Amino acid sequence: MIALKQLKQVPAPLSPIAGDVLEGLSRTPKMLSPKLLYDAQGSALFEQITRLPEYYPTRTEAGILTTHAEEICSRLGQEISVSELGAGTATKTRILLRSLLQRQPSVDYFPLDVSDAALQLAKDELERELMAVNVHPHVGDFEDLTFIEHHPPPRLVLYIGSSIGNLEHREAISLLQNIARHLSSGDQLLLGVDLVKDSNVLHAAYNDSAGITASFNKNLLVRINRELGGHFEPDAFSHVSFWNETASRMELHLESTCRQSVRVDALDTTLRFYQGERIHTENSYKYTIECLEDLLQRGGFNVEHTWTDSNCWFAVSLGVVI
Ligand code: SAH
Ligand code: AVI
């Protein structure tokens with residue numbers, strides 16, 4: 001009986017997101033790290049976003065990869081292994097892997113992502129579609145890239161989908177430097193980046209008429225409710241996204257529609273919001289080709305070639321470790 005009583009008093013282990021959530025929501029202005037967007041539900045919502053008529057980046061990058069796959073692969077080393085940061089479900093990656101299989105009999109593919117659910121989907125689909133690709137998924141954060149060192153050289157690292165746009169400029173440079181540090185001279189990086197364009201196109205892409213991006217954004221609150229015993233009412237917040245021209249980025253926020261207090265049990269905290277107060281949930285930086293190539297250089301890569309689409313909406317750049 002005593003043992004049972006003691007057992008009941010053992011606190012539930014804190015979810016791994018607790019530290020990030022507490023830190024971000026204690027700031028003024030409040031913020032949440034965009035990597036928290038990707039639990040299983042968030043990854044599924046992102047997949048829906050990629051198919052929205054307004055969300056041009058995925059379709060445009062897939063077009064560039066399809067058009068130039070052969071040329072891209074011809075610029076790669078012999079018998080390369082492929083690692084991918086923030087691979088998600090690796091849908092576009094299949095375009096490159098398929099083309100690579102014309103040049104080598106098999107490919108070892110190492111996708112890294114914080115989303116276990118997305119990686120599982122990537123592995124299932126890839127193994128069904130491309131039998132000669134050996135998939136070695138790794139659930140983890142970009143912060144730890146030691147896993148790249150264990151991959152057989154010569155290596156190609158993919159960082160596509162403009163995920164680098166979700167980082168601050170200095171974070172982007174230090175991530176590229178960190179990638180370069182874990183690679184050897186001659187290893188390569190393929191970087192996909194969204195470009196500056198008409199603000200109406202950008203606005204529509206992050207404020208879609210079906211409201212999927214709004215659900216993706218609000219899913220952060222749903223996740224805090226589920227994983228941390230939060231008492232957020234997602235409908236008491238609205239999705240706000242706009243183009244910040246000075247910073248060259250789309251911003252995503254959740255805006256409190258009223259004055260409210262929200263208890264988060266696992267953090268033993270009550271958060272207070274004034275009407276109109278925002279939680280900053282994501283930045284999506286848009287680059288020029290010049291800035292993209294400069295970023296690669298600063299990150300420790302020589303630019304070999306940059307491909308773009310006919311509208312110049314998206315760019316894919318191949319860099320080699322100096
Ligand atoms: N590369 C895919 C997915 C892009 S979505 C595409 O082009 O469509 C961004 C992906 O990065 C998500 O799957 C998310 O889970 C992952 N991600 C975000 N922050 C991360 C981090 N800090 N470490 C590892 N993966 C991260
Ligand atoms: C993953 N990342 C590049 C997407 C973007 O466009 O910044 C995430 C996203 N946020 C809202 N819609 C899509």
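How far does a backbone N or O atom of G86 lie from a nitrogen atom of ligand 1? Select both and check: the distance is 2.8 Å. Keep in mind along the way that this is a predicted model.

**Stop 1: around ligand 1**

Stay with the ligand and add K92 to your selection. One of its polar side-chain atoms sits 2.7 Å from an oxygen atom of ligand 1. Next, show D113, where a polar side-chain atom is 2.4 Å from an oxygen atom of the ligand. Switch on a surface, if you like: the protein covers 91% of the 570 Å² of accessible area that ligand 1 has on its own.

Now bring up the whole shell. There are 17 residues around ligand 1, and G86, K92, D113, F142 and G161 come nearest. Coloured by class, the shell shows 6 nonpolar, 6 polar and 5 charged residues.

**Stop 2: the largest nonpolar core**

Leave the ligand and select V21 and F232, the residues with the most contacts inside the largest nonpolar core, which has 34 residues. To see what builds this core, colour the elements that give two or more residues to it: helices α2 (18–25), α3 (40–50), α9 (199–206) and α10 (212–228), together with strands β8 (237–244), β9 (249–256), β10 (260–264) and β11 (269–273). The largest share, 6 residues, comes from α10.

Zoom in on F232. Setting aside neighbours within four places in sequence, F232 is in contact with L25, L221, I224, N225, F237, V262, V264, L271 and F273.

**Stop 3: a second core**

Finish with L65, I95, L96 and V107. They are among the 30 residues of another core, which lies apart from the one around F232.

Definitions and conventions. Residues numbered from 1 in each chain as written. Chains lettered and ligands numbered in written order. Predicted model: local features only at pLDDT ≥ 70, side-chain atom pairs only at ≥ 80, totals over all residues. Heavy atoms only, no water. Core = buried A, V, L, I, M, F, W, Y, C linked by side-chain atoms within 4.5 Å. Buried < 20%, exposed > 50% of the residue type's maximum accessible area, 1.4 Å probe, protein only. Helix = DSSP H or I, 4+ residues; strand = E, 2+ residues; numbered from the N terminus. Contact = heavy atoms within 4.5 Å. Near = heavy atom within 4 Å. Polar contact = N/O pair within 3.5 Å; in protein donor to acceptor, adjacent residues only side chain to side chain. Areas by Shrake-Rupley, 256 points an atom, 1.4 Å probe, with all protein chains shown as cover. Nonpolar A, V, L, I, M, F, W, Y, C, P; charged D, E, K, R; others polar.
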